[in-house]
Amino acid sequence: MDRVDAALAVLLERRALLAARIQRLKPVGGFQGRDMERERRLVAGMARRAPRLGVRRLAPIMNAVIEAGLHAAEEERARDRDADGM
């Protein structure tokens, strides 16, 4: 179990880094740039791979993952702005 949790942490970090890069490329980034239809498709695809969890359980998990990544990206942008402003 510990190895699976460690692997999950690595994947979550990788996802957050990728999402931060994508946010910089989007015309409207952050929470305003969320595509809820795309997120629904993502969860549906994940549910096919994880039928025990299904859409009902995966949706709040992925919402938390997405929001955590967006918050991390916002904090990173704020740090970069502060560093540039000094």
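A salt bridge is a side-chain nitrogen of Lys or Arg within 4 Å of a carboxyl oxygen of Asp or Glu. Keep that definition at hand as you look at the structure above, which is a predicted model. Side chains of opposite charge can pair when their charged atoms come close. This structure holds five salt bridges, and we can walk through several of them together.

Let's begin with E37 and R40. Their side chains meet in a salt bridge, with 3.3 Å from N to O. That value fits the definition, because the limit is 4 Å. Where do E37 and R40 sit relative to one another? They are three residues apart in helix α2, so about one helical turn separates them. How open are these two side chains to the outside? E37 is partly exposed, with a relative accessible area of 39%, while R40 is exposed, at 51%. The label for R40 follows because exposed means over 50%.

Now for a pair that reaches across the chain. The side chains of R24 and E76 also meet in a salt bridge, at 3.5 Å from N to O. This pair links distant parts of the chain: R24 belongs to helix α1 (residues 2–25) and E76 to helix α3 (residues 54–85), and the two are 52 residues apart. Is R24 buried or exposed? R24 counts as exposed, with 52% relative accessibility. Its partner E76 has a relative accessible area of 27% and is therefore partly exposed.

Next, find R34, which lies in the loop between α1 and α2. R34 forms a salt bridge with E67, and the closest N and O atoms are 3.2 Å apart. Here again distant parts of the chain are linked, since E67 is in helix α3, 33 residues away from R34. A polar contact of 3.2 Å also joins the side chains of R34 and E67. E67 counts as partly exposed at 28% relative accessibility. R34, by contrast, has a relative accessible area of 19%, and it is called buried because the cut-off is under 20%.

R34 has another partner to meet. The side chain of E39 makes a polar contact of 2.7 Å with the side chain of R34. In fact, R34, E39 and E67 are linked in a network of salt bridges. E39 lies in helix α2 and counts as buried, with 13% relative accessibility. Which residues does E39 touch, leaving aside its neighbours within four places in sequence? They are R34 and I66. With the same kind of neighbours left out, R34 is in contact with K26, E39, N63, I66, E67 and L70. I66 therefore appears in the contacts of E39 as well as in those of R34.

Let's turn from paired side chains to empty space. Rolling a probe the size of a water molecule over the atoms shows where empty space is left. The largest pocket has a volume of about 390 Å³. Of the 16 residues that line this pocket, the closest to its centre are R15, A19, Q23, R38 and I66. You have already met I66 as a contact of R34. Which elements give two or more residues to the lining? They are α1, α2 and α3, and α1 gives the most, with five residues. By class, the lining of the largest pocket has eight nonpolar, two polar and six charged residues.

The second largest pocket has a volume of about 230 Å³. Its lining is made of L8, L11, L12, R14, R15, L18, M46, L53, L58, I61, M62 and V65. Look for R15 in that list: R15 is also one of the residues closest to the centre of the largest pocket. The elements that give two or more residues to the lining of the second largest pocket are α1 and α3. Once more α1 gives the most, this time with six residues. How do the lining residues divide by class? There are 10 nonpolar, no polar and two charged residues.

To finish, go back to the structure and trace two things. Start with the network that links R34, E39 and E67, with R34 in the loop between α1 and α2 and E39 in helix α2. Then follow helix α1, which gives the most residues to the lining of the largest pocket and also to that of the second largest pocket.

Note on methods
Residues are numbered from 1 along each chain as its sequence is written. This is a predicted model: local features need pLDDT of at least 70, side-chain atom pairs count only at pLDDT 80 or more; totals for chains, interfaces and linings use all residues. Side-chain values use heavy atoms; hydrogens and water are left out. Helices (H or I, at least four residues) and strands (E, at least two) are DSSP runs, numbered from the N terminus. Buried means under 20% relative accessible area, exposed over 50%, partly exposed in between (1.4 Å probe, protein chains only). On a 1 Å grid over the protein atoms alone, a cavity is a set of points where a 1.4 Å probe fits but cannot get out, and a pocket is an open set with protein on both sides within 12 Å along at least five of seven lines; lining residues have an atom within 4 Å of a point. Grid points are joined across faces, edges and corners, and a volume is the space filled by probe spheres set on the points. Ala, Val, Leu, Ile, Met, Phe, Trp, Tyr, Cys and Pro count as nonpolar, Asp, Glu, Lys and Arg as charged, and the others, Gly among them, as polar. A polar contact is a pair of N or O atoms within 3.5 Å; within protein, one must be able to donate a hydrogen and the other to accept it, and residues adjacent in sequence count only if both atoms are side-chain atoms. Contact means heavy atoms within 4.5 Å.
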